[in-house]
Amino acid sequence: MDKKPAVQRPWQCDLEEYTRQGEAGKAEKSYAWKTAIGLQDVDGLETSGYLLSTAKEHIEGRIDISTACRRIDKKNGRFMGKL
């Protein structure tokens, strides 16, 4: 059986740029976001522009992870607890 080549998603290109820049903190955060978004992708969920922009703000250090989680939870209409 032939394997199909992996298709790179638009969000992967956006977050991969942080890894290429080589800043350790940004690369680690980018990897974590790519992993989380990739797991959603495997489940067939689409990545919203809101999630991607929140991820970028966190990677760039404009917000911390707690703020990112609160924003996403609020946008999705839920609160999963205090971080």
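Biologist: Why is arginine 71 called partly exposed, rather than buried or exposed?

Modeller: In this predicted model, arginine 71 has a relative accessibility of 28%; buried would require under 20% and exposed over 50%, so arginine 71 falls in between and counts as partly exposed.

Biologist: What makes the pairing of glutamate 57 with arginine 71 a salt bridge?

Modeller: The closest N and O atoms of glutamate 57 and arginine 71 are 2.9 Å apart, and the rule asks for a side-chain nitrogen of Lys or Arg within 4 Å of a carboxyl oxygen of Asp or Glu, so the pair qualifies as a salt bridge. This pair links distant parts of the chain, with glutamate 57 in helix H3 and arginine 71 in helix H4 (residues 65-75), 14 residues apart.

Biologist: Why does glutamate 57 count as buried?

Modeller: Its relative accessibility is 18%, and the cut-off for buried is under 20%, so glutamate 57 is placed in the buried class. Within helix H3 (residues 49-59), the buried residues also include Leu51, Leu52, Thr54, Ala55, His58 and Ile59.

Biologist: How many salt bridges does the rule give, and which residue pairs with arginine 62?

Modeller: The count comes to two salt bridges. Arginine 62 pairs with glutamate 60, their closest N and O atoms being 2.6 Å apart, and because the limit is 4 Å, this pair is accepted as a salt bridge as well.

Biologist: How do you know whether arginine 62 and glutamate 60 are buried or exposed?

Modeller: Arginine 62 has a relative accessibility of 55%, and exposed means over 50%, so arginine 62 counts as exposed. Glutamate 60, at 33%, lies between the 20% and 50% cut-offs and therefore counts as partly exposed.

Biologist: What makes up the largest nonpolar core, and which helix gives the most to it?

Modeller: The largest nonpolar core has 11 residues in all, among them Leu15, Trp33, Leu51 and Ile72. Helices H1 (10-21), H2 (24-42), H3 and H4 each give two or more residues to this core, and H3 gives the most, with four. In soluble globular proteins, nonpolar side chains tend to be buried together.

Biologist: Which residues is leucine 51 in contact with, once its neighbours within four places in sequence are left aside?

Modeller: Leucine 51 is then in contact with Trp33, Ile37, Gln40 and Ile72.

Biologist: What pattern does the chain follow along the sequence?

Modeller: The pattern is α-α-α-α, the chain having four helices and zero strands.

How values were computed. Residues are numbered from 1 along each chain as its sequence is written. This is a predicted model: local features need pLDDT of at least 70, side-chain atom pairs count only at pLDDT 80 or more; totals for chains, interfaces and linings use all residues. Side-chain values use heavy atoms; hydrogens and water are left out. Buried means under 20% relative accessible area, exposed over 50%, partly exposed in between (1.4 Å probe, protein chains only). A nonpolar core is a set of buried Ala, Val, Leu, Ile, Met, Phe, Trp, Tyr and Cys residues joined through side-chain atoms within 4.5 Å. Contact means heavy atoms within 4.5 Å.
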